Amino acid sequence: MNGLNIKKAFSCAKTEFFKWVLDARMIILGVLLIFIYSFAIEPLKANAMLMGEPLNILEPFIAVANSGAILLIVPLVFLTLIADFPKIDTNTIFYISRVGRINWLTGQIIKLIMMTLSYLAVIFFGAVIPMLRDGFWYNGWSNVATKFAQRFPEKSGNFGVLLLPENLINQLSVFNAAFKSYLLIFAYLLILGLTLLNFSLLKKKTAGFVTCGAVISLGTAFCSIKTRLMWTMPMANSIIWLHYTRYFREPIMPMWFSVCYLFVIILLLLIFSYVAIRKFNYDNVTEVSM
């Protein structure tokens, strides 16, 4: 019962994941997609219509993934959707006893990965689908992204232009930017979920929410004022354009640093969780369940 059984872990993850998908809180996703459409897609489409040029269908998603304002909302909504993760109550205690601590914990981690990937998939398709009729698929930036400010200098400061800064379009291809954006935000959200998991194993779930809130708030604040301290937070390390200057290839912060930073934090949180589960006792689940 103490050894790892992948089949049991996946079975545990699959069952709980489908319960999560059917949760009534998923209505919040609809609200988030409406916000993303109004905040990011509409300004880009307005610029495209004014210019009479199509957008690359990936550009709205890249804009969403690199907007500081949206990246404040996205993790907050994610935390709301996984508020009861991991769900530990009296019935769960018997389940843990039956499948084993390690299998249950591994199942929770697999479930977290599935939740994170599916959450980002909804955001990705929510940004891409509205562009399918009018956009194009190609590994290159649209004229709307690269030439709008030149053609309409009086509108060079509008929000649609700011969503795709030169720090991004001058440094990376569209496919590269989209892939790295998805990967880095996935790592950011995974860190938040693992933080909740670890605090729950310590029976300090409330403190876990406070810690996650602090990570999001400090990351947003540091990114807003562009202090070097922002690189101590996952948020800055998950926003691609912050790594580069507008024109020069020499990065402000090497991308490898951010990848290593996020990977090391995830690894440390995983190690801590497997240590904590061995010491987890079933005496009182009140604080774990909030």
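1. Leaving aside its neighbours within four places in sequence, E16 is in contact (heavy atoms within 4.5 Å) with W104, Q108 and K111. E16 belongs to helix α1, which covers residues 6–21, where helices are DSSP runs of H or I with at least four residues, numbered from the N terminus. With a relative accessibility of 15%, E16 counts as buried; buried stands for under 20% relative accessible area, exposed for over 50%, and partly exposed for what lies in between, with a 1.4 Å probe and protein chains only.

2. The model is a predicted one, in which local features need pLDDT of at least 70 and side-chain atom pairs count only at pLDDT 80 or more, while totals for chains, interfaces and linings use all residues. Residues are numbered from 1 along each chain as its sequence is written, and side-chain values use heavy atoms, with hydrogens and water left out.

3. Four salt bridges are found in a search of the whole structure, a salt bridge being a side-chain nitrogen of Lys or Arg within 4 Å of a carboxyl oxygen of Asp or Glu. As background, side chains of opposite charge can pair when their charged atoms come close.

4. D23, R25 and D84 are linked in a network of salt bridges. Within this network, the closest N and O atoms are 3.1 Å apart for D23 with R25 and 3.2 Å apart for D84 with R25. The pair of D84 and R25 ties together parts that are 59 residues apart in sequence, because D84 lies in the loop between α4 (70–81) and α5 (90–99), and R25 in the loop between α1 and α2 (27–51). D23 counts as partly exposed at 25% relative accessibility, R25 as partly exposed at 22%, and D84 as partly exposed with a relative accessible area of 28%.

5. R133 forms a salt bridge with D134, and the closest N and O atoms of this pair are 3.7 Å apart. R133 is exposed, with a relative accessible area of 76%, whereas D134, at 39% relative accessibility, counts as partly exposed.

6. F263, V264, L267, L268, I271 and V275 make a nonpolar surface patch of about 560 Å². Patches consist of residues with over 30% relative accessible area and no salt bridge, nonpolar side chains (Val, Leu, Ile, Met, Phe, Trp, Tyr) being joined within 5 Å and like charges within 9 Å; the areas come from the Shrake-Rupley method with a 1.4 Å probe, and for residues only the protein chains shown count as cover. One of the patch residues, F263, is found in helix α13 (residues 255–279), and at 55% relative accessibility F263 counts as exposed.

Definitions and conventions:
Helices (H or I, at least four residues) and strands (E, at least two) are DSSP runs, numbered from the N terminus.
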